[in-house]
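This briefing walks through selected features of the structure shown below, grouped by topic. Please read each point alongside the sequence and the coordinates.

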Amino acid sequence: MIESNISQSIDKLRISGIVDESIVDGPGIRLTVFTQGCSHNCTGCHNPGTHDYNGGVEIQINDIINMIEENPLLDGITISGGEPFDQVGPCANLAKKVKKMGLNVVVYTGYNYEYLLKNEKYKELLSETDILVDGKFDIKKMDLTVPFKGSTNQRIIDLNKGAMAS
Ligand code: SF4
């Protein structure tokens, strides 16, 4: 990842925005957090405003938790980006709190699952993730008919089963 001024605190997350009810970022009704900062530079990225590690705003993890607690309709949260694993500490902290509330966690990443598995620092967030959507967006493989992912090379991985969901 590119060095940045992103906080090292696990209690604060730099985000580009939050959608408080989404039905397109995973199963059911979800609160989606778009993290700020990404160095993958996928051609045709749908969200270039999330790339700058110094952009967006910082938010306290507890403020996100308060938003979640206010909505009994939520099935879970989705952490998207930007690149969530470039802020792995606060994302893991958020995911852990959400799991304790009995909700599920979907995480989108431009990294491949195999790459993440090789680095100890990513393990805590992986262990709190139910479904991982991995891989860079590939505009040549874009398929808007495939649910929950932008291009067909990306994989939806059920980390509870250790298997590919699709
Ligand atoms: S990983 Fe996502 S946010 Fe980052 S460049 Fe690729 S499509 Fe854009």
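The largest pocket of this predicted model holds about 630 Å³ of space. Of the 33 residues that line this pocket, His46, Ser80, Tyr108, Gly150 and Gln154 are the closest to its centre. By residue class, the lining of the largest pocket comprises 13 nonpolar, 15 polar and five charged residues.

**Helix α1 and its packing**

- Helix α1 spans residues 61-69, and within this helix Ile61, Ile64, Ile65 and Ile68 are buried.
- These buried residues lie on the same side of α1, because they cover an arc of only 100° around the axis.
- The general geometry of an α-helix fits this pattern, since there are 3.6 residues a turn and residues three or four places apart therefore point the same way.
- The partners against which the buried residues of α1 pack are the strands β1 (12-22), β2 (30-35), β3 (57-60) and β4 (76-80), together with α2 (88-100).

**Serine 151 and asparagine 153 in the loop between β6 and β7**

- Serine 151 is located in the loop that runs between β6 (131-134) and β7 (155-158), and asparagine 153 is found in the loop between β6 and β7 as well.
- Serine 151 counts as buried because its relative accessibility is 1%, which is under the 20% cut-off.
- Asparagine 153, with a relative accessible area of 30%, is partly exposed, because this value falls between the limits of 20% and 50%.
- A polar contact of 2.5 Å joins the side chain of serine 151 to the side chain of asparagine 153.
- Each of these side chains also reaches a backbone atom: that of serine 151 reaches the backbone nitrogen of aspartate 138 at 3.0 Å, while that of asparagine 153 reaches the backbone oxygen of lysine 136 at 2.8 Å.
- When residues up to four places away in sequence are not counted, serine 151 touches Lys136, Phe137, Asp138, Lys141, Met142 and Asp143, and asparagine 153, counted in that way, touches Lys136, Asp138 and Lys141.
- From C-alpha to C-alpha, serine 151 is 25 Å from aspartate 75, with their positions 76 residues apart in sequence.
- The C-alpha atoms of asparagine 153 and glutamine 36 are separated by 23 Å, and these two residues are 117 residues apart along the chain.

**The loop between β4 and α2**

- Glutamine 87 is found in the loop between β4 and α2, and it is buried, with a relative accessible area of 3%.
- The side chain of glutamine 87 reaches the backbone oxygen of glutamine 36, at a distance of 3.1 Å.
- Glycine 82 also has its place in the loop between β4 and α2, and the peptide bond leading to it from glycine 81 is cis, with omega near 0°.

**Valine 106 in strand β5**

- Valine 106 belongs to strand β5, which covers residues 104-108, and at 2% relative accessibility this valine counts as buried.
- Leaving aside residues up to four places away in sequence, valine 106 touches Asp25, Pro27, Arg30, Ile77, Thr78, Ile79, Ile131 and Val133.
- Valine 106 and glutamine 87 are 19 residues apart along the chain, and their C-alpha atoms are separated by 15 Å.

**Positive phi values outside glycine**

- Asparagine 41, in the loop between β2 and β3, has a phi near 50°, which is a positive value in a residue other than glycine.
- Asparagine 41 counts as exposed because its relative accessibility of 56% is over the 50% cut-off.
- Phenylalanine 148, in the loop between β6 and β7, likewise has a positive phi in a residue other than glycine, here near 70°.
- At 30% relative accessibility, phenylalanine 148 counts as partly exposed.

Conventions: Residues are numbered from 1 along each chain as its sequence is written. This is a predicted model: local features need pLDDT of at least 70, side-chain atom pairs count only at pLDDT 80 or more; totals for chains, interfaces and linings use all residues. Side-chain values use heavy atoms; hydrogens and water are left out. Buried means under 20% relative accessible area, exposed over 50%, partly exposed in between (1.4 Å probe, protein chains only). Helices (H or I, at least four residues) and strands (E, at least two) are DSSP runs, numbered from the N terminus. The arc is that of the directions from the helix axis to the C-beta atoms. Contact means heavy atoms within 4.5 Å. A polar contact is a pair of N or O atoms within 3.5 Å; within protein, one must be able to donate a hydrogen and the other to accept it, and residues adjacent in sequence count only if both atoms are side-chain atoms. On a 1 Å grid over the protein atoms alone, a cavity is a set of points where a 1.4 Å probe fits but cannot get out, and a pocket is an open set with protein on both sides within 12 Å along at least five of seven lines; lining residues have an atom within 4 Å of a point. Grid points are joined across faces, edges and corners, and a volume is the space filled by probe spheres set on the points. Ala, Val, Leu, Ile, Met, Phe, Trp, Tyr, Cys and Pro count as nonpolar, Asp, Glu, Lys and Arg as charged, and the others, Gly among them, as polar.
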